[in-house]
Amino acid sequence: MKIKLEKQHYQWGLTAFLVITCSVIAFFIIFRADAIGHFLNTCAGVLAPFIYGLVMAYLICPIYNFTVRRTYGLLNRGKYRFRHDLTVSKVSGTIVSLAVLLIVIAGILWMIIPGLIDSISKLVVMLPDALEKFTAWIDVKFQKLPIAKEAIDDWSRNATDYLINFATNTILPHSGNLATAISGTLLGALGALFDFIIGIIVCVYFLNIKDTLAAQTKKIILANLKESTAQEILEGAEYTNRTFAGFISGKIIDSAIIGMLCFIFMSIFGWEYSLLISCVIGITNIIPFFGPFIGAIPSALILLMVNPMHCLYFIILILVLQQFDGNVLGPKILGDSTGLGSFWVLFAVLVGGGLFGFIGMVLSIPVFAVIYAYLARAINRKLKKKGFSTDTRDYKVDKYRAQPGKKKRSKPTLKGREDMYTSDEVGETTQEELEEAREKGQVVMEATLVEFEDSTGEAEECPGDENDERDKETT
């Protein structure tokens, strides 16, 4: 008997195979996490030059594109067409962009390393005197509080004993391991320098073949996917590139301006280590939310060892600069490049920093913005298919939204409301008429004639009746 397999049988078999494969992968991820982490670290070490080259090429790509366009336009401005115009344009773009990259890196190292060495040497010299002054200040302040002074003395003695024991029992017996660690650190630094040099070469290749790589990627996508799906992927790639480029370039420009402003103000006020501290403030300002505090805390500690009042003024300056950056400069440069709210920005920074450190804190916002945009697009597409609104405000249900106010009841007036009242003529009304008027919602006003009587019990004549009789007699 011949078994005929239909299309749905193949689909079920493929689904079962994928489920089993994913289960095996999940098992190895959970129970072999150490081996997988070691494998990923090895891959990252092998691919480090390519990663460095790709990052550098992405950062200097705008400079490269600008130079190539300008050079190509200058070579083809006249009637004569240069034979190797595109090649010359790419060579000039590569040279200019690499020169800018190397100048920036050398400038940062020149600002950080000499100032850092100078500050460390001065701190080593000033630290004993600063500790003596601090101890004397403590003694003066706590003369009237012997209990607190005794507690602080005990704490300082315990800290000193702990440091001596740590140096005697931990550092000295493991001095060989310490030397090995130091040598390993030096070898790692040399390896990182070698990867950086290879990364520059890779960066040059990336810059000159990026158009070819983009074209080949488009060919692969269009050849293996439907046209609509391929178009969505290409649009998503364009949006991702625009989001990353806008955020990274804008944040670098914003941080450079903040660093220069910090240097200008510190130089005007004559504070110490202005170049070093301004460079630290500018670099750490790339990190949203926490960057200003990460750079300000060690800088304030350095100034505190030199001049406490300068430290206080520096903290005030940083607060003013961050308010200016967050409310004026940042929105002008970055605009709404990510489309994320403040809560999601904070969430992305915390998660990215916890998982990937400094790089994660910097790149977490554009990555999360791309994921957020994709999810929002997919959800809006499903809502449109079901005929629902895609505006988030239509789904808000809360007690804080403005409700339409209730109209106050106004008192009834006679003008224009004659149908609510009966005639003002006084007359007798039957019971049936009263019930009919009440059913119609009318208000029935009853009038009562009151006779005024004198003490004799006779009815008193109204003044109007007396006048009427005199008029009759006259007539």
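Buried means a relative accessible area under 20%, exposed means over 50%, and partly exposed means in between. The exercises below apply this to a predicted model.

**Exercise 1.** Decide whether Trp 344 and Tyr 372 are buried, partly exposed or exposed, and then classify the pair that their rings make.

*Solution.* First, take the accessibilities: Trp 344 has a relative accessibility of 34% and therefore counts as partly exposed, and Tyr 372, at 38%, is also partly exposed. Second, turn to the rings, remembering that a pair of aromatic rings is described by the distance of the centres and the angle of the planes. The count of aromatic pairs in this model comes to 6. For Trp 344 and Tyr 372 the centres are 6.4 Å apart and the planes stand at 45°, so this pair is tilted. Third, place the pair in its surroundings: Trp 344 and Tyr 372 form one aromatic cluster together with Phe 347 and Phe 368.

**Exercise 2.** Work out which class of exposure Leu 346 has, and name the surface patch to which Leu 346 contributes.

*Solution.* Begin with the location, since Leu 346 is found in helix H11, which covers residues 342-386. Next, a relative accessibility of 31% makes Leu 346 partly exposed. Finally, Leu 346 helps to make a nonpolar surface patch of about 1000 Å², whose members include Phe 343, Trp 344 and Tyr 372.

**Exercise 3.** Find out whether Glu 439 is buried or exposed, and state which residues form a negative patch with Glu 439.

*Solution.* Glu 439 belongs to helix H12, residues 431-439. With a relative accessible area of 70%, Glu 439 is exposed. The negative surface patch is then completed by Glu 432, Glu 433 and Glu 435.

Terms used
Residues numbered from 1 in each chain as written. Predicted model: local features only at pLDDT ≥ 70, side-chain atom pairs only at ≥ 80, totals over all residues. Heavy atoms only, no water. Patch = residues over 30% accessible without salt bridge, like charges linked within 9 Å, V, L, I, M, F, W, Y side chains within 5 Å. Areas by Shrake-Rupley, 256 points an atom, 1.4 Å probe, with all protein chains shown as cover. Salt bridge = Lys/Arg side-chain N within 4 Å of Asp/Glu carboxyl O. Lys, Arg positive; Asp, Glu negative; His and termini not counted. Charge placed at Lys NZ, Arg CZ, Asp CG, Glu CD. Helix = DSSP H or I, 4+ residues; strand = E, 2+ residues; numbered from the N terminus. Buried < 20%, exposed > 50% of the residue type's maximum accessible area, 1.4 Å probe, protein only. Phe/Tyr/Trp six-rings, centres within 6.5 Å; stacked < 30°, edge-to-face > 60°.
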